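Me: I'm happier at the bench than in a structure viewer. Could you walk me through how to read a few features?

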Amino acid sequence: MNWELLLWLLALCALLLLVVQLLRFLRADGDLTLLWAEWQGRRPEWELTDMVVWVTGASSGIGEELAYQLSKLGVSLVLSARRVHELERVKRRCLENGNLKEKDILVLPLDLTDTGSHEAATEAVLQEFGRIDILVNNGGISQRSLCMDTSLDVYRKLIELNYLGTVSLTKCVLPHMIERKQGKIVTVNSILGIISAPLSTGYCASKHALRGFFNGLRTELAAYPGIIVSNICPGPVQSNIVENSLAGEVTKTIANNGDQSHKMATSRCVRLMLISMANDLKEVWISQQPFLLVTYLWQYMPTWAWWITSKMGKKRIENFKSGVDADSSYFKIFKTKRD
């Protein structure tokens, strides 16, 4: 065979492969390591059964869906949040799956800002189940307000709830895991813990702080390879997080959360979370385009990311002031181009 022809064929194959990978990336809803684990990695149905899993923020959104999917795996569940009646509702639905019995689910009311109660809560879980295999730090609150319109009390609450409350509970559970030399600490962070966006300055700060803390904690636990510290960073997901977001004052929340149908389904987000937990991934990004692409740019091409984010940020503020979901136009534009 002519060597020149062979080289041209190889170059063509390489180009086709690049195009195929680009098309796959444009339709991706998770980072490449996570999607590889979904394809070739360990299954949650193999790895997470018979574990004791403590989920905070379990009364709604990602935490609620996580409880439902975990209940199908046959784990023992601890459900925590402030609203007891909502936790009882989640518990009833978990029992309807048929894989768990009453004794397998503990409803444990918890206020993350009441750090003085965290030690007693941890002891209650250990007394009930004897161990904690996985702590899922999911509790938290978001923000939708411009910095100049936001009181310092809002920033203080975001740090106390999202950051200090999570750190406090982790510090209570950690000695137990160190004693056993095993366990998983899974923190539901956010894409905004990696990038930043307008209307969420306090939320971004709390999530950046969480990422820094848990990355640092992971290095301190190098002598305990059986203890896995994972940061889960979802992008926009269908939930009531926007509706419950803080506005300019701590007594105000967003009155209208807009149409959420364009965002990732909560069930898909949670499935990818379970895959990351089963495969002990240290950090995963779960998001549809264009936010997944922007996250990659922030990680590897920050100068470009700043330019793109400034353009997107202006539209985000316009959407918010118009009373629609702040991120809706990005999804619609990208979906139109992709289709």
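Reply: Sure, let's take a pocket, some backbone oddities and the cysteines in turn. Keep in mind that this is a predicted model.

Me: Pocket first, then. How much space lies in the second largest pocket?

Reply: About 320 Å³.

Me: And which helices supply at least two residues each of its lining?

Reply: Helix H1 (3-26) and helix H2 (32-40) both do. H2 gives the most, with five residues. If you want to click through the lining, try Gln21, Phe25, Leu32, Trp36, Trp39 and Arg268, which are among the residues there.

Me: How do the lining residues divide by chemistry?

Reply: There are six nonpolar, four charged and one polar. Arg24, Arg27 and Glu38 are also part of the lining, and so are Ala28 and Leu35.

Me: OK, on to the backbone. What should I expect of phi and of peptide bonds in general?

Reply: For most residues other than glycine phi is negative, and most peptide bonds are trans. Now look for the exceptions. Aspartate 50 is not a glycine, yet its phi is positive, about 65 degrees. Lysine 181, also not a glycine, has a positive phi of about 60 degrees.

Me: Where do aspartate 50 and lysine 181 sit?

Reply: Both are in loops. Aspartate 50 is between helix H3 (44-47) and strand S1 (52-56), while lysine 181 is between helix H7 (152-180) and strand S5 (183-188).

Me: Is aspartate 50 buried or exposed? And what about lysine 181, buried or exposed?

Reply: The cut-off for exposed is over 50% relative accessible area. Aspartate 50 has 59%, so it counts as exposed. Lysine 181 has 56%, so it is exposed too.

Me: Which peptide bond is cis, the one leading to proline 290 from what residue?

Reply: From glutamine 289; omega for that bond is near 10 degrees. You'll find proline 290 in the loop between strand S7 (283-286) and helix H10 (291-300).

Me: Last topic, cysteines. What is a disulfide, in general terms?

Reply: It's a covalent bond joining the sulfur atoms of two cysteines. Here, a search of the whole structure turns up zero of them. Take cysteine 94: the nearest cysteine sulfur belongs to cysteine 269 and is 17 Å away, whereas a disulfide needs the sulfurs within 2.5 Å.

Me: Is cysteine 94 buried or exposed?

Reply: Buried, because its relative accessible area is 0%. Cysteine 13, by contrast, is at 48%, so it counts as partly exposed.

Conventions:
Residues numbered from 1 in each chain as written. Predicted model: local features only at pLDDT ≥ 70, side-chain atom pairs only at ≥ 80, totals over all residues. Heavy atoms only, no water. 1 Å grid on protein atoms, 1.4 Å probe; cavity = no way out; pocket = protein on both sides within 12 Å on 5 of 7 lines; lining within 4 Å. Points joined across faces, edges and corners; volume = space filled by probe spheres on them. Helix = DSSP H or I, 4+ residues; strand = E, 2+ residues; numbered from the N terminus. Nonpolar A, V, L, I, M, F, W, Y, C, P; charged D, E, K, R; others polar. Buried < 20%, exposed > 50% of the residue type's maximum accessible area, 1.4 Å probe, protein only.
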